[in-house]
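Student: Please take one part of this molecule and look at it closely, and then go on to the other places that deserve attention.

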Amino acid sequence: MEKIFDKIKVVVVSDNIDYRLLIKQLLASDDVVVAGYANCNETALEKVKGLYPDIVIFTCTSQASAVFELSQQIYELMPGCGVILLSESMDLQLLNRAMESGIRKVLSINCSSNELMEAIYKVSLSEKQRLPDDSKIFGHKSRVISFFGGKGGTGKTSIAVNTAIALAQMGRKTIIIDADLQFGDVNLLLNIDSKDTIAELVHEKNAFTIDTIKSFTVMHSSGISVLCAPKSPEYAEYVTGSHIEKIINTVRPYYEFIILDLTPSFNDITLAAVENSDRVFLVTGLDITGLRNVKICVNILDSLQQREKLALIINKEGPSIINVKDFQNIIGLPIGARISEDTKTAVDCLNKGIPFVIAAPRAQISKQIKAFAEKLYRDMA
Ligand SMILES: Nc1ncnc2c1ncn2[C@@H]1O[C@H](COP(=O)(O)OP(=O)(O)OP(=O)(O)O)[C@@H](O)[C@H]1O
Ligand SMILES: [Mg+2]
């Protein structure tokens, strides 16, 4: 699998679309991934905190004071995240204000790709030295991973649940959020019957503090925390994309892995989850309809500038007319994992409410999931 976790993660904060495109071009390097964009307004800090990048790049035009305020907050609240400013003009007053607000480097908006890349390497290295050695919370080390796909029944939930458990078995602090709000069945796979779900959580006045969220999660015997989907589909409408974004942002510093199981359709919820994820795995079978569906998903996510996060998981792999290489070539995405078809194990465990990595640890599908979880962890270390 192509690595993403050791790339330098950049968020661009700029109201100017031309500048966003320009920066994206300047960053054309395999070492850097643009995790997202934000406008320079009051929601920017939440967005940047949710993505927890290594570097934030601001552009400076008329909104200069908002830029300095925001960079000061990033400096204070997000150790390990360095700020670079690309400015249209350069004068002593601007440089002074930049220094006072914790901005690490000011470059001209007309700088070259090499200049910007060099600044990114230097700033991310020196920012890492500002991190506490023995931090109790995970901050920038936490990873948000979504399992998605345009087709139902491909195995998204099975893979999300079993991967979360495999990570917990490795000692990683993990939460799974069932964001398939109408038909979520993470609770079934785990044999959990919780009256507290994401729907009750968003009704709570203080819904977005870590303590409130934790009080609505269930601790499964495997060690993973679970935020269940609403008990009944009609409650799904209470939950919005903005709730999902806030939940992710709030839990991010407290877990090493935040796993999201998504519904097989594009809506406000899936888009918020994808935008706030570090990695999105599209789960598919090796068949023509799967190929068509993945292609459509990739095109849509590409137009939303989310392509760099995407990787494929081939599930239920068995004899088929399309082979994995052809599939990968047509789609043009890295393969995160290949999981064999094993209906007996998958369905037996589903019926028992015990995930296969626990109930059938020696089955090939369990070993494949564990290898996948280990790779996820290695890539993030
Ligand atoms: N590797 C596998 N081999 C055989 N069967 C599998 C495999 N993975 C999952 N399944 C089975 O496929 C069915 C669908 O799985 P699952 O519910 O995980 O899919 P999903 O993509 O989450 O579905 P939905 O789109 O409805 O949410 C289940 O019966 C599950 O046990
Ligand atoms: Mg599912």
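Tutor: What follows begins with one helix and then turns to helix pairs and single residues. The model is predicted, so local features need pLDDT of at least 70 and side-chain atom pairs count only at pLDDT 80 or more, while totals for chains, interfaces and linings use all residues. Residues are numbered from 1 along each chain as its sequence is written, and chains are lettered from A and ligands numbered from 1 in the order in which they are written.

The part chosen is helix H5, residues 113–128. Helices (DSSP runs of H or I, at least four residues) and strands (E, at least two) are numbered from the N terminus. The 16 residues of H5 should span 22 Å at 1.5 Å a residue, and the end C-alpha atoms are 23 Å apart, which agrees; the expected span is 1.5 Å times one less than the number of residues.

Which residues of H5 are buried? They are Leu 116, Ala 119, Ile 120, Val 123, Ser 124 and Glu 127. These buried residues cover an arc of only 120° around the axis, which puts them on the same side of H5; the arc is that of the directions from the helix axis to the C-beta atoms. An α-helix has 3.6 residues a turn, so residues three or four places apart point the same way. Asn 114, Leu 125 and Ser 126, on the other side of H5, are exposed. (Buried means 20 or more other C-beta atoms within 10 Å, exposed 12 or fewer, and partly exposed in between, with C-beta atoms placed from the backbone.) The cover over the buried residues includes helix H1 (17–26) together with strands S1 (8–13), S2 (32–38), S3 (55–60), S4 (82–87) and S5 (105–108).

Strand S2 also holds Val 33, which counts as partly exposed because it has 19 C-beta neighbours inside 10 Å. The C-alpha atoms of Val 33 and Pro 53 are separated by 9.6 Å, with the two positions 20 residues apart along the chain counted as their distance apart. Tyr 52 lies in the loop between H2 and S3. Tyr 52 has a positive phi of about 35° although it is not a glycine, and it is buried, with 24 other C-beta atoms within 10 Å.

Helix H2 (residues 44–51) has its axis within 8 Å of that of helix H10 (residues 241–251), and the two cross at roughly 60°. This angle makes H2 oblique to H10. (Under 35 degrees is roughly parallel, over 145 roughly antiparallel, 65 to 115 roughly perpendicular, and the rest oblique.) Axes are lines fitted to C-alpha atoms, for helices over the stretch in contact, with angles from 0 to 180 degrees between N-to-C directions. Glu 46, Lys 49 and Gly 50 of H2 meet Glu 245, Ile 248 and Asn 249 of H10, contact being C-beta atoms, placed from the backbone, within 7 Å.

A second pair is H6 (residues 156–169) and H16 (residues 364–380), whose axes come within 9 Å and cross at roughly 65°. Ile 159, Asn 162, Thr 163, Ala 166 and Leu 167 of H6 make the contact with Ile 369, Lys 370, Phe 372, Ala 373 and Tyr 377 of H16.

Lastly, Lys 316 in strand S12 (residues 310–317) has a positive phi of about 55° although it is not a glycine. Lys 316 is buried, with 22 other C-beta atoms within 10 Å.

Terms used. Contact = placed C-beta atoms within 7 Å.
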